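This briefing covers the confidence, fold composition, surface and side-chain links of one chain. Please read it alongside the sequence and the structure shown here.

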Amino acid sequence: MKLAPLMLACAAFAVVAPAAADEQIFVATLSGTAESPPVASPGSGSVRVTIDDATFMMRVQASFADLLGGTTAAHIHCCTALSGFGNVGVATVTPTFTDFPSGVTSGSYDHTFDMSLASSWNPSFLTAQGGSTATAFASLLTGIEDGKSYFNVHTTAFGGGEIRGFLAPIPEPSTYALMLAGIALVAGAARRVRPR
């Protein structure tokens, strides 16, 4: 069959193709129903967290609207016992992200943190990681990758959090390219096979 060499070539390309392994992007949709327990809020939002594991930098970009109370804090919590469920303490800087808008019901946020600095962490989380920012960073990244970390916006109406969402990875562009190539191969093979 002539399809086998093409499949081997694609597999070889996947192994040798350069990947942007240093930078990972995670996203979440924020809502009151995602809180634990859920809260009755019309608030909504989204967050994008970009982590560079070579430079220990973390960029947080968020937008939110229609909150019932003014914002009091926002941060990333880590790491829950189960993916996508539960509550856990704050991992990142406390009492809130640096320069996060305060006292508003809608807004946006964009800030980059140097996670090699102790000031980027909740002291309790850092202590639980042996006082090492490198260990804390590895733990947070693993928690996010495993779906055990969430972004939470706290307000005057809901002190425990008005909207939140568990962070999930966005596949790298090379993953999409390989997936599309695989679909094309399967479609091509299916066209060649004709019922008798």
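A residue counts as buried when its relative accessible area is under 20%, as exposed when it is over 50%, and as partly exposed in between. On that basis, 37% of the 196 residues of the chain are buried. The model is predicted, and its mean pLDDT is 85. A search of the whole structure returns one salt bridge, and the disulfide count is likewise one.

**Confidence**
- A pLDDT of 70 or more is reached by 77% of the residues in the chain.
- Over residues 3-20 the pLDDT stays under 50.
- For residues 3-20 the model has 11 contacts beyond four places in sequence.

**Secondary structure and contacts**
- The chain holds four helices and eight strands.
- Read from the N terminus, the order of elements is α-β-β-β-β-β-α-α-β-β-β-α.
- Of the contacts between residues at least 6 apart in sequence, 64% join residues at least 24 apart.

**Surface**
- The exposed area of the chain is about 10,300 Å².
- Carbon and sulfur atoms account for 63% of that area.

**Salt bridge**
- The salt bridge pairs the side chains of aspartate 110 and arginine 59, with an N to O distance of 2.6 Å.
- Aspartate 110 belongs to strand 5 (residues 107-114) and arginine 59 to strand 3 (residues 57-65), so the bridge ties together parts that lie 51 residues apart in sequence.
- Aspartate 110 has a relative accessible area of 44% and is therefore partly exposed.
- Arginine 59 is also partly exposed, at 34% relative accessibility.

**Disulfide**
- The disulfide joins cysteine 78 and cysteine 79, whose sulfur atoms are 1.8 Å apart.
- The torsion about the S-S bond of cysteine 78 and cysteine 79 is about 60°, which makes the disulfide right-handed.
- Cysteine 78 has a relative accessible area of 5%, so this residue is buried.
- Cysteine 79, with a relative accessible area of 28%, is partly exposed.

**Points to keep in view**
- The side-chain links reported here are one salt bridge and one disulfide.
- The salt bridge runs between strand 5 and strand 3, whereas the disulfide is formed by cysteine 78 and cysteine 79.
- Both salt-bridge residues, aspartate 110 and arginine 59, are partly exposed, while the disulfide pairs a buried cysteine 78 with a partly exposed cysteine 79.

Terms used. Residues are numbered from 1 along each chain as its sequence is written. This is a predicted model: local features need pLDDT of at least 70, side-chain atom pairs count only at pLDDT 80 or more; totals for chains, interfaces and linings use all residues. Side-chain values use heavy atoms; hydrogens and water are left out. A salt bridge is a side-chain nitrogen of Lys or Arg within 4 Å of a carboxyl oxygen of Asp or Glu. Helices (H or I, at least four residues) and strands (E, at least two) are DSSP runs, numbered from the N terminus. Buried means under 20% relative accessible area, exposed over 50%, partly exposed in between (1.4 Å probe, protein chains only). A disulfide is a pair of cysteine sulfur atoms within 2.5 Å. pLDDT is the predictor's confidence in each residue, from 0 to 100. Contact means heavy atoms within 4.5 Å. Accessible areas come from the Shrake-Rupley method with a 1.4 Å probe; for residues, only the protein chains shown count as cover.
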